[in-house]
Amino acid sequence: MWSDTFLIVFISICTALLGEGLTWLLVYRTEKYQKLKVEIEKSSKKLEKRKEAHGDSVDKQQKKKIERVEEKLKINNRDLSMVKMKSMFAIGFAFTALLSMFNSIFDGRVVARLPFTPISWVQGLSHRNLPGDNYTECSFIFLYILCTMSIRQKPEITVIEYNINNQESI
């Protein structure tokens, strides 16, 4: 059981590294992503300066300029999301295949024992495909999900997205 547990942690680390590597390869190093990122940063700074310079007293002409910059920022942000989304579909498909393969390898095997009994709505996942009624026994999928969530824990919100969201609330 310990060997299975360590193997699943290792698999989780490897898939997380593979996912980050593929994301870097397919998204972050591309010229289109770099251009959009720079454009969004420029537009965000420009918008922030205009809003600070005029404050609450904005005439119609300044308001239109601010709205144009906001619209350009939204379009660039949407394009950036599309660049990310295309690669995320490919990565998601690959990891679904990997997960299916590993799930069939560890099907019906107890890979860990939990120090607690999970709440009822989690028991279906934590005890998935395991024989018996001992709900402290842990299945592959539950341990893999926990490991992956803890390893790949990163905030998806970027400064750019944060700026966009804050502008709408102003």
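Hi everyone, I'll walk through two helix packings and one cavity in this predicted model.

Some housekeeping: residues are numbered from 1 along each chain as its sequence is written, and side-chain values use heavy atoms, with hydrogens and water left out. As this is a predicted model, local features need pLDDT of at least 70 and side-chain atom pairs count only at pLDDT 80 or more, while totals for chains, interfaces and linings use all residues.

Let's start with helix 1 (residues 2-28) and helix 5 (residues 140-151), which pack at about 45° with their axes 9 Å apart. Helices here are DSSP runs (H or I, at least four residues), numbered from the N terminus; axes are lines fitted to C-alpha atoms over the stretch in contact, and angles run from 0 to 180 degrees between N-to-C directions. Helix 1 and helix 5 are therefore oblique to each other (neither under 35, over 145, nor 65 to 115 degrees). Among the residues that meet (heavy atoms within 4.5 Å) are Ile8 and Ile11 in helix 1 and Leu143 and Cys147 in helix 5.

Now for helix 2 (residues 31-54) and helix 3 (residues 60-105): their axes come within 9 Å and cross at roughly 155°. Helix 2 and helix 3 are therefore roughly antiparallel.

So where is the empty space? The count comes to one cavity of 30 Å³ or more, a cavity being a set of points on a 1 Å grid over the protein atoms alone where a 1.4 Å probe fits but cannot get out. The largest cavity holds about 50 Å³, the space filled by probe spheres set on the points, joined across faces, edges and corners. Its lining (an atom within 4 Å of a point) includes Asp107, Arg128 and Phe140.

Conventions:
Helices (H or I, at least four residues) and strands (E, at least two) are DSSP runs, numbered from the N terminus. On a 1 Å grid over the protein atoms alone, a cavity is a set of points where a 1.4 Å probe fits but cannot get out, and a pocket is an open set with protein on both sides within 12 Å along at least five of seven lines; lining residues have an atom within 4 Å of a point.
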